[in-house]
Each structure stands twice: as C-alpha cells, then as structure tokens.
Amino acid sequence: MNDCATADQVRRLFTKRGDSQYGGEAVSQLEHGLQAAAMAEQEQASAQLIAAALLHDVGHLLHVLPDDAPDRGVDDMHEELGADWLASRFPPAVLEPVRMHVAAKRYLCAAEPAYRQSLSPPSELSLQLQGGPMSDKECDSFRASPFFDDAIRLRRWDDLAKDPEMQTPPLEHFLEYVRDAMAPSPSTTTL
Ligand SMILES: [Fe+2]
C-alpha cells in the first residue's frame, strides 16, 4: 500500500469517526489524536513517533463498540486492533508503541505510585479492565522491549491530550508525518 492511499484512509477514518467522544473525556477522538501528535512534534519526536501519537487510538475508530464500553465492563482491546491495522502499513517504530500504549499505563501505575493518582476517572476505570498495575515480572519484561522509551513517551502524551481548550494544527499537517513514517528503513530498501 502506498503512502498516499494510507494517508487517505487515515483522513477518511478521522472524518467518519473522529467526532465521537474519546471514552468519557471532554475531547473528541480527532482532538485527542491531534493533541497527542502536537505534543510529540513539540518535543521533536521522530516522524514515526509523531505518527504513532496521532494514530495510537486508531483502534477506537475501527470497532463498532459504543463510546461508553468501559462503563459496561467491556475492554475493547483497541491497542491490538489498532496495531494490527497499522502492521500492514507502517514499520515497527510506529505500530509497536501503539500496541504498547495500554501496557505502558499498567507499567507506570506499578513503577510510579504518583502516576496512578493522576489518571482521569475514565482512565482509572479502563485500567481495571486492562488488568490493573503490572507485576514486577511484567515490568521487567516490558522494560526490556526496544520500544519501551517510545511507548512511555506516547503514554504521557496520551494522558495529557484531553484538554478541551488546546489548539493544534489540523489533521492535514500531521498527515505529512504519516507519509514520512511509512518510509522503509535503510536495511529494507531494495536497489
Ligand atoms: Fe488515547
């Protein structure tokens, strides 16, 4: 799949589903993704990580569960759904932080006691459905991932991207990073 086709798909997904509420928070799915991507850009993250920030909740745009699924005791597994969708379109540097962003919350709840206190009520509710804080063994294995640092950075942007007053560049601005993020790494380039 070429980069224009994927950027078009991303645009369509956000146009069709992006105005749905972001899981009990005061922002829409589109606003949430744009805010996370804007914070990644401000911190001069790579194009792959900015794309991951924009697309970290793409799984929410792919399923048909209601916005309040966690209130009904349902874990929508959106991180797996999203990463599977991204897998045929992007390199691991995009899809792995997305796959890991829920686990990163479970990790931070175990590693930083103050972190859990900062979670919003919907995020605390979904934490219970997602398995609660990690065990020591789970933390060790999570920390060993080559994408650990990126997953933690993405998680912190995710947690902050819930500000109804925040102004961001439009989706088109970030689609440039989506196109750049699809570029094959040098080791996979064919001559
Ligand atoms: Fe999110």
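Biologist: α8 is followed by a glycine with positive phi; what is that phi near?
Modeller: This is a predicted model. The residue that follows α8 is Gly131. Its phi is positive, near 110°.

Biologist: Which residues in helix α8 are buried?
Modeller: Helix α8 spans residues 121–129. Its buried residues cover an arc of only 110° around the axis, which puts them on the same side of α8. They are Ser123, Ser126 and Leu127.

Biologist: What do the buried residues of α8 pack against?
Modeller: One side of α8 holds Ser123, Ser126 and Leu127. The partners of these buried residues are helices, including α7 at 113–118. The full set is α6, α7 and α10.

Biologist: Within what arc do the buried residues of α11 fall?
Modeller: Helix α11 covers residues 171–181. Leu171, Phe174, Leu175, Val178 and Ala181 are buried there. Seen down the axis, they line one face of the helix, because they fall within an arc of 115°.

Biologist: Which helices are among those that cover the buried residues of α11?
Modeller: The buried face of α11 includes Phe174 and Val178. Its cover includes α1 (3–17), α2 (29–42), α3 (47–55) and α6 (92–111).

Biologist: Which element gives the most to the largest nonpolar core?
Modeller: This core has 34 residues, and Leu54, Leu55, Leu86, Phe90, Trp157 and Val178 touch the most other members. Elements giving two or more residues are α1, α2, α3, α4, α5, α6, α10 and α11. The top contribution is seven residues, and it comes from α3.

Biologist: How many residues are in the second, separate core?
Modeller: This core is separate from the one above. It includes Met100, Tyr115, Cys139 and Ala151. Its residue count is 15.

Biologist: Leaving aside neighbours within four places in sequence, which residues is Trp157 in contact with?
Modeller: Trp157 is among the residues of the largest core that touch the most other members. Contact here means heavy atoms within 4.5 Å. With sequence neighbours left aside, the list is Ala36, Met39, Ala40, Glu43, Ala45, Leu49 and Ala53.

Biologist: Is Val58 buried or exposed?
Modeller: Val58 lies in helix α4. Not counting residues up to four places away in sequence, Val58 touches Leu13, Gly82, Trp85 and Leu86. Its relative accessible area is 2%, so Val58 is buried.

Biologist: What distance separates the C-alpha atoms of Val58 and His173?
Modeller: Along the chain, Val58 and His173 are 115 residues apart. In space, their C-alpha atoms are separated by 17 Å.

Biologist: How far from the centre of the Trp85 ring is the charged end of Arg89?
Modeller: Trp85 is one of the residues that Val58 touches. The charged end of Arg89 sits over the Trp85 ring. Its distance from the ring centre is 3.9 Å.

Biologist: Are the rings of Phe142 and Phe148 stacked or edge-to-face?
Modeller: The count of aromatic pairs is four. In this pair the ring centres are 5.8 Å apart. The planes stand at 80°, and over 60 degrees is the rule for this class, so the pair is edge-to-face.

Biologist: Which residues do ring pairs link into a cluster?
Modeller: Phe142 and Phe148 are both buried. Ring pairs link these two with a tyrosine. The cluster is Tyr107, Phe142 and Phe148.

Biologist: How many residues apart in sequence are the parts tied together by Glu80 and Arg99?
Modeller: Side chains of opposite charge can pair when their charged atoms come close. Glu80 and Arg99 form a salt bridge, with the closest N and O atoms 2.9 Å apart. Glu80 lies in α5 (78–87) and Arg99 in α6, so the tied parts are apart in sequence by 19 residues.

Biologist: What is the relative accessibility of Arg99?
Modeller: Arg99 also forms a salt bridge with Glu96, at 3.6 Å between the closest N and O atoms. These two both lie in α6, three residues apart, about one turn of the helix. Glu96 is partly exposed at 22%. Arg99 counts as partly exposed too, with a value of 24%.

Biologist: Is Arg155 buried or exposed?
Modeller: Arg155 forms a salt bridge with Asp159, the closest N and O atoms being 3.0 Å apart. The two are four residues apart in α10 (148–160), about one helical turn. With a relative accessible area of 4%, Arg155 is buried.

Biologist: Which residues do salt bridges that share partners join into one network?
Modeller: The structure holds 13 salt bridges. Arg99 pairs with Glu80 and with Glu96. The network joins Glu80, Asp84, Glu96 and Arg99.

Methods. Residues are numbered from 1 along each chain as its sequence is written. This is a predicted model: local features need pLDDT of at least 70, side-chain atom pairs count only at pLDDT 80 or more; totals for chains, interfaces and linings use all residues. Side-chain values use heavy atoms; hydrogens and water are left out. Buried means under 20% relative accessible area, exposed over 50%, partly exposed in between (1.4 Å probe, protein chains only). The arc is that of the directions from the helix axis to the C-beta atoms. Rings of Phe, Tyr and Trp (its six-membered ring) pair if their centres lie within 6.5 Å; planes under 30 degrees apart count as stacked, over 60 as edge-to-face and the rest as tilted. A charge sits over a ring if NZ of Lys or CZ of Arg is within 6 Å of the ring centre and within 35 degrees of the ring normal. A salt bridge is a side-chain nitrogen of Lys or Arg within 4 Å of a carboxyl oxygen of Asp or Glu. A nonpolar core is a set of buried Ala, Val, Leu, Ile, Met, Phe, Trp, Tyr and Cys residues joined through side-chain atoms within 4.5 Å.
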